[in-house]
Amino acid sequence: MWFDRCFITYSNNAINEMLDVDLDLINEFGAVLKEVVNAMATGAVKNSNADISVAISGIAG
């Protein structure tokens, strides 16, 4: 199987709850910086049957 699932996490609470990213990390670095995006990718692997993941972040405007 190539694609098992995706996580759409617009809010900091969703990032925390669905991808296990610590809210302190989000508050320290902001949701769009490298440290948080790396944690999002790690959380996606942890919360799925995947071997790899991709995390993308940005600011809606």
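I26 is found in helix α2. The model described here is predicted. I26 is a good place to start reading it.

**Around I26**

I26 has a relative accessible area of 2%. Buried means under 20%, so I26 counts as buried. Leaving out residues up to four places away in sequence, I26 touches N12, I15, V21, A31 and V36. N47 makes a useful landmark for distance. I26 and N47 are 21 residues apart in sequence. In space, their C-alpha atoms are 19 Å apart.

**Helix α1**

Helix α1 covers residues 12-19. Its buried residues are A14, I15 and L19. Why do they lie on the same side of α1? They cover an arc of only 100° around the axis, and that puts them on the same side of the helix. Their cover includes α2, residues 23-29, and α3, residues 34-46.

I15 deserves a closer look. Setting aside neighbours within four places in sequence, I15 is in contact with T9, D20, V21, I26, A31 and M40. D20 also stands out in its backbone. It comes just after α1 and takes a positive phi of about 60°.

**The nonpolar core**

Which residues form the largest nonpolar core? There are seven: I15, L19, V21, I26, V36, M40 and A44. Both α1 and α3 supply at least two residues each to this core. The largest share, three residues, comes from α3. I26 of the core is in helix α2.

**The largest pocket**

The largest pocket has a volume of about 820 Å³. Two elements give two or more residues to its lining, α1 and α3. The largest share of the lining from an element is that of α3, with three residues. In total, 29 residues line the pocket. Nearest its centre lie C6, F7, A44, V54 and A55. A44 is also a member of the largest nonpolar core.

How does the lining divide by class, and how many residues fall in each? The table gives the counts.

| Class in the pocket lining | Count |
|---|---|
| Nonpolar | 20 residues |
| Polar | six residues |
| Charged | three residues |

**Putting it together**

I15 and I26 touch each other, and both belong to the largest nonpolar core. I15 is one of the buried residues of α1. Helix α3 helps to cover those buried residues. The same helix, α3, gives the largest share of the core and the largest share of the pocket lining.

Key. Residues are numbered from 1 along each chain as its sequence is written. This is a predicted model: local features need pLDDT of at least 70, side-chain atom pairs count only at pLDDT 80 or more; totals for chains, interfaces and linings use all residues. Side-chain values use heavy atoms; hydrogens and water are left out. Buried means under 20% relative accessible area, exposed over 50%, partly exposed in between (1.4 Å probe, protein chains only). Helices (H or I, at least four residues) and strands (E, at least two) are DSSP runs, numbered from the N terminus. The arc is that of the directions from the helix axis to the C-beta atoms. Contact means heavy atoms within 4.5 Å. On a 1 Å grid over the protein atoms alone, a cavity is a set of points where a 1.4 Å probe fits but cannot get out, and a pocket is an open set with protein on both sides within 12 Å along at least five of seven lines; lining residues have an atom within 4 Å of a point. Grid points are joined across faces, edges and corners, and a volume is the space filled by probe spheres set on the points. Ala, Val, Leu, Ile, Met, Phe, Trp, Tyr, Cys and Pro count as nonpolar, Asp, Glu, Lys and Arg as charged, and the others, Gly among them, as polar. A nonpolar core is a set of buried Ala, Val, Leu, Ile, Met, Phe, Trp, Tyr and Cys residues joined through side-chain atoms within 4.5 Å.
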